[in-house]
Amino acid sequence: GAGTTAFTTTGQASGTNYTSGGSALTNVTPTTSGTTAIVDFADLTFGTATITARGCLLYNSTNGNKAIAAIDFGGDKTSTAGDFTVVFPAASATAAIIRIA
């Protein structure tokens with residue numbers, strides 16, 4: 001939730017083909033759109049996973065696991081022996097997952 005300041009395993013989802021702590025984000029692309037700084041990431045897939053998650057945490061594993069953003073999926077999302085994919089929104093001033101104006 002909003003009070004999260006660092007990654008912890010408390011309350012973390014677990015399941016087949018999911019690793020504690022998640023996975024590193026790739027294609028980190030900071031840029032600007034007008035006067036708004038935005039960041040985009042490649043979608044993240046856990047293949048052949050059996051897992052249920054209500055959200056995810058973006059955190060900096062190279063700086064004390066400090067939280068960057070706590071994301072609520074709006075309800076439980078489940079995969080059963082299939083791909084569990086976190087799809088990041090388009091990199092724009094109105095949709096990017098991280099926007100600073």
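I began by fixing a term: a strand is a DSSP run of E with at least two residues, and strands are numbered from the N terminus. With that numbering I placed Asn17, which is found in the segment before β1. I note here that the model is a predicted one.

**Entry 1: the whole chain**

I looked up the secondary structure and found zero helices and five strands in the chain. Read from the N terminus, the order is β-β-β-β-β. The radius of gyration is 14 Å, close to the 13 Å that the globule rule gives for 101 residues, so the chain is as compact as a globular protein of that length. I also noted the span of the C-alpha trace along its principal axes, which is about 40 × 25 × 25 Å.

I then turned to contacts and surface. Among contacts with a separation of 6 or more, 59% join residues 24 or more positions apart. The accessible surface comes to about 6200 Å², and carbon and sulfur atoms hold 50% of it. Of the 101 residues, 20% count as buried. For the charges, I recorded 4 positive and 5 negative ones, whose mean positions lie 10 Å apart.

**Entry 2: the nonpolar core**

Which residues touch the most other members of the largest nonpolar core? I found Phe41, Leu58 and Phe84, in a core of 13 residues. Two elements, β3 (44-60) and β4 (66-86), give two or more residues to this core. Its largest share comes from β3, with six residues. As background I wrote down that nonpolar side chains tend to be buried together in soluble globular proteins.

I followed Phe84 further, leaving aside its neighbours within four places in sequence. Its contacts include Leu44, Thr45, Phe46, Ala49, Ile51 and Ala53. Phe84 also touches Phe73, Lys77, Thr78 and Ser79.

**Entry 3: Thr36 and Gly34**

Is Thr36 buried or exposed? Its relative accessibility is 11%, and buried means under 20%, so Thr36 counts as buried. I located Thr36 in strand β2, residues 36-40. Beyond four places in sequence, Thr36 touches Thr31, Ala93, Arg99, Ile100 and Ala101.

Gly34 sits in the loop between β1 (29-33) and β2. Its relative accessibility is 70%, and exposed means over 50%, so Gly34 counts as exposed. I also checked Gly34 against Ser92: the two are 58 residues apart in sequence, and their C-alpha atoms are 9.6 Å apart in space.

**Entry 4: Asn27**

I found Asn27 in the segment before β1. At 54% relative accessibility, Asn27 counts as exposed. Not counting neighbours within four places in sequence, Asn27 is in contact with Asp40, Phe41 and Ala42. One of these, Phe41, I had already listed among the core residues that touch the most other members. I took one distance as well: Asn27 and Gly64 are 37 residues apart along the chain, and 22 Å separates their C-alpha atoms.

**Entry 5: positive phi**

I next looked up backbone angles. Asn17 is not a glycine, yet its phi is positive, at about 65 degrees. Its relative accessible area is 46%, which makes Asn17 partly exposed.

Where is Asn65 found? I placed Asn65 in the loop between β3 and β4. Asn65 has a phi near 60 degrees, again a positive value in a residue other than glycine. At 27% relative accessibility, Asn65 counts as partly exposed.

Key: Residues numbered from 1 in each chain as written. Predicted model: local features only at pLDDT ≥ 70, side-chain atom pairs only at ≥ 80, totals over all residues. Heavy atoms only, no water. Helix = DSSP H or I, 4+ residues; strand = E, 2+ residues; numbered from the N terminus. Rg over C-alpha atoms; globule rule 2.2 N^0.38 Å. Buried < 20%, exposed > 50% of the residue type's maximum accessible area, 1.4 Å probe, protein only. Contact = heavy atoms within 4.5 Å. Areas by Shrake-Rupley, 256 points an atom, 1.4 Å probe, with all protein chains shown as cover. Lys, Arg positive; Asp, Glu negative; His and termini not counted. Charge placed at Lys NZ, Arg CZ, Asp CG, Glu CD. Core = buried A, V, L, I, M, F, W, Y, C linked by side-chain atoms within 4.5 Å.
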